[in-house]
Amino acid sequence: MINLILTLILPAVLILWLKKWKNSKAMNKLPPGPKTLPIIGNLHQISYPTFRCFTDLSKQYGPLMRLKLCGTSAVVVSSPELARQMLKDLDPNYADKPRIVVAEIMFYHASSIVFTPYGDYWRQMRKLCTIELLSPKMVRLFQTIRNDQIGRLINSLRESSGSAVNFTEMILYNSNSITCRAACGGVVKDNETLMKLMLDSTKVITNFEIADMFPSSRIASALSWTKPRIRTMRNKLDVIMDEIIERHKRNRRSGLGNSEFGSEDLVDVFLRVQEEGELKYPITNDNIKAVLYDIFIGGTETSSTTIDWAMVELLRHPEAMAKAQAEVRRVLNENNDERTFKYLKYVIKETLRLHPPAPVLPRASKEEKVIDGYTIPAGQTVLFNIWAMQRDPRYWKDPEKFEPERFENLSVDFLGGDHQFLPFGGGKRMCPGLTFGTTTVESVLAQLLYNFDWKLPAGVTPQDLDITENDGITAARKNNLFVVATPYQ
Ligand code: HEM
């Protein structure tokens with residue numbers, strides 16, 4: 001008996017005790033970070049674009065770094081290994097979203113898919129959008145809309161007859177039209193205002209808002225300088241959203257489906273399930289508006305930013321441009337229904353690696369966990385810096401180089417399983433618009449490369465094209481791209 005205790009039970013007890021002791025030592029051992037100043041913490045060390053600043057700081061403080069921002073804090077994760085542990089092994093512990101003022105006001109009490117907490121309401125709304133808009137079946141159905149919009153884009157480029165055009169703006173409008181026509185049966189009436197609101201919303205999300213930085217302070221909430229501005233924006237958004245909902249209700253009363261195919265579109269489906277009243281979480285008009293705004297933003301800026309960056313990189317790398325054009329022209333001339341582009345796909349992947357439209361994934365932790373020996377408390381804002389991971393030299397040779405060919409020999413994809421490459425995020429909150437987005441990006445790029453030869457305006461060389469990002473949460477280019485499109489005979 002004594003022998004049994006000595007050989008089996010004692011070591012087991014010892015191991016358990018050691019594990020507990022190690023964990024208790026890690027308890028309250030917060031991740032390292034730069035020295036803080038009273039009141040503002042590390043705010044003075046944060047510069048725009050934030051993902052570049054986080055990358056530089058994490059080289060000094062490690063892949064799990066804590067930043068104190070006035071009355072709140074954020075843990076920045078910069079290594080694929082930790083991302084795998086937190087987004088895969090511990091999923092859904094990091095599937096929540098931090099609560100921020102702009103989400104409360106602009107996204108109708110944070111009831112959009114992007115901002116709502118992880119749970120049944122989120123599941124229900126995400127499922128409806130996936131079935132009615134984002135599934136591969138629906139994405140295929142919307143190809144006629146995509147083709148029509150691309151046709152219009154090609155016509156306006158032809159009309160430009162050799163003069164420089166604002167490519168960035170044209171692509172932004174094009175992506176927005178595709179998304180709006182698919183989701184709510186047509187381009188929004190006051191499209192100009194909607195586009196401005198979308199761009200401004202992503203800008204205000206980036207600003208450091210005093211009420212977010214002192215979340216428990218009523219004084220900070222009263223002092224907030226952006227709240228009145230966001231409220232004005234919300235009022236404008238309401239006018240646009242109310243018009244969409246009223247138009248849909250009117251047409252439904254007269255028995256008409258609102259989609260371009262004569263059937264129901266996403267808004268119709270929301271209104272129908274709202275009327276039927278059988279949902280576990282009944283939805284209000286505000287919920288519909290919040291989710292629709294998600295879709296408008298998600299479907300517009302991300303895809304257009306990717307197309308814009310791909311064009312910039314191809315202009316900067318004429319050999320890659322020539323290779324992509326040769327492939328597209330060969331494949332499209334084959335007149336084969338099963339068109340697949342190999343090199344163009346590598347170009348898109350490499351663009352998403354170097355320029356992920358959403359370079360930082362904001363999440364919040366549910367329960368306290370010990371990660372890499374450090375405590376991440378419950379309710380902690382966690383920022384996954386995918387911009388840094390997608391440039392990690394341990395995974396990517398010459399990471400700053402635009403080299404689509406690298407994917408020829410890499411079995412790395414953006415489906416969420418390779419944590420060094422997460423342009424669509426990972427885990428439960430991964431982007432549901434992946435198929436919709438990549439299909440739009442590929443279709444637009446293929447047709448543009450097929451139909452035109454591209455050059456920069458007179459006097460601008462590829463080396464002159466700057467590759468700095470703007471200061472927003474998206475990694476869009478700071479300056480608009482101007483190009484000359486010559487029709488390909
Ligand atoms: C190139 C195209 C796109 C890129 C790179 C992209 C990227 C992303 C990323 C990084 C996230 C956050 C994922 C995470 O936290 O793990 C996200 C979320 C989301 N995206 Fe996309 N996206 C694209 C296209 C689209 C499109 C076309 C739509 C809809 C029409 C869309 C709708 C959404 C929604 C609703 C979410 C929130 C998901 C959730 O919180 O559950 N995205 N996207």
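Helices and strands are named here as DSSP runs, numbered from the N terminus, with at least four residues for a helix and at least two for a strand. In this scheme, cysteine 70 is placed in the loop between E1 and E2. The structure that carries these elements is a predicted model.

The loop with cysteine 70 is a suitable place to begin. E1 and E2 form a hairpin with two residues between them. In the turn of this hairpin, cysteine 70 has a positive phi of about 55°. Most residues other than glycine have a negative phi. The two arms of the hairpin run antiparallel and are joined by six bridges. Within this pairing, leucine 67 stands opposite alanine 74 of E2.

The hairpin belongs to a wider arrangement. Four strands make an open sheet in the order E1-E2-E7-E4, and their pairing is mixed. Its edge strands are E1 (64–69) and E4, each of which pairs on one side only. From one strand to the next, the twist averages 25°. Strands of a sheet pair through backbone hydrogen bonds, either parallel or antiparallel. The parallel sense is found between E2 (residues 72–77) and E7 (residues 381–385), which pair over four bridges. In that pairing, valine 76 has leucine 383 of E7 as its bridge partner.

Two helices pack on this sheet. Helix H2 (residues 50–61) touches E1, E2, E4 and E7, and its direction makes about 120° with that of E1. Helix H3 (residues 80–89) also touches E1, E2, E4 and E7, and its direction makes about 130° with that of E7.

The loops beside these helices hold two cis peptide bonds. One joins tyrosine 48 and proline 49, with omega at about -10°. Proline 49 is found in the loop between helix H1 (2–26) and H2. Another runs from aspartate 91 to proline 92, with omega near 10°. Proline 92 lies in the loop between H3 and helix H4 (101–106). Most peptide bonds are trans.

The ligand is the next part of the picture. Of the 26 residues around the ligand, Trp122, Arg126, Arg363, Arg429 and Cys431 come nearest. By class, this shell has 14 nonpolar, eight polar and four charged residues. Helix H5 (120–134), helix H14 (285–316), strand E4 (360–364) and helix H18 (434–451) each supply at least two residues of the shell. Among these elements, H14 gives the most, with five residues. E4 thus appears twice in this account, as an edge strand of the four-stranded sheet and as a contributor to the ligand shell.

Several side chains approach oxygen atoms of the ligand. A polar side-chain atom of tryptophan 122 lies 2.8 Å from an oxygen atom of the ligand. For arginine 126, an N or O atom of the side chain is 2.8 Å from a ligand oxygen atom. For arginine 429, the corresponding distance from a side-chain N or O atom to an oxygen atom of the ligand is 2.9 Å.

The ligand also contains an iron atom, whose only protein donor is Cys431, through SG at 2.3 Å. Cysteine 431 lies in the loop between helix H17 (386–389) and H18.

H18 leads from the ligand to another sheet. This helix supplies at least two residues of the ligand shell, and it lies across E8 and E9, running at about 90° to E8. The sheet in question is open and has three strands in the order E3-E9-E8, with antiparallel pairing. Strand E3 (165–166) and strand E8 (452–455) stand at its edges with a single partner strand each, so one side of each is left without a neighbour in the sheet. E8 and E9 (residues 482–487) pair in the antiparallel sense over four bridges. In E9, alanine 485 is the bridge partner of tryptophan 454.

Terms used:
Residues numbered from 1 in each chain as written. Predicted model: local features only at pLDDT ≥ 70, side-chain atom pairs only at ≥ 80, totals over all residues. Heavy atoms only, no water. Near = heavy atom within 4 Å. Polar contact = N/O pair within 3.5 Å; in protein donor to acceptor, adjacent residues only side chain to side chain. Nonpolar A, V, L, I, M, F, W, Y, C, P; charged D, E, K, R; others polar. Donors = N, O, S within 2.8 Å, 3.2 Å for Na, K, Ca; no water. Pairing = 2+ DSSP bridges. Axes fitted to C-alpha atoms, helices over the stretch in contact; angles between N-to-C directions. Contact = heavy atoms within 4.5 Å.
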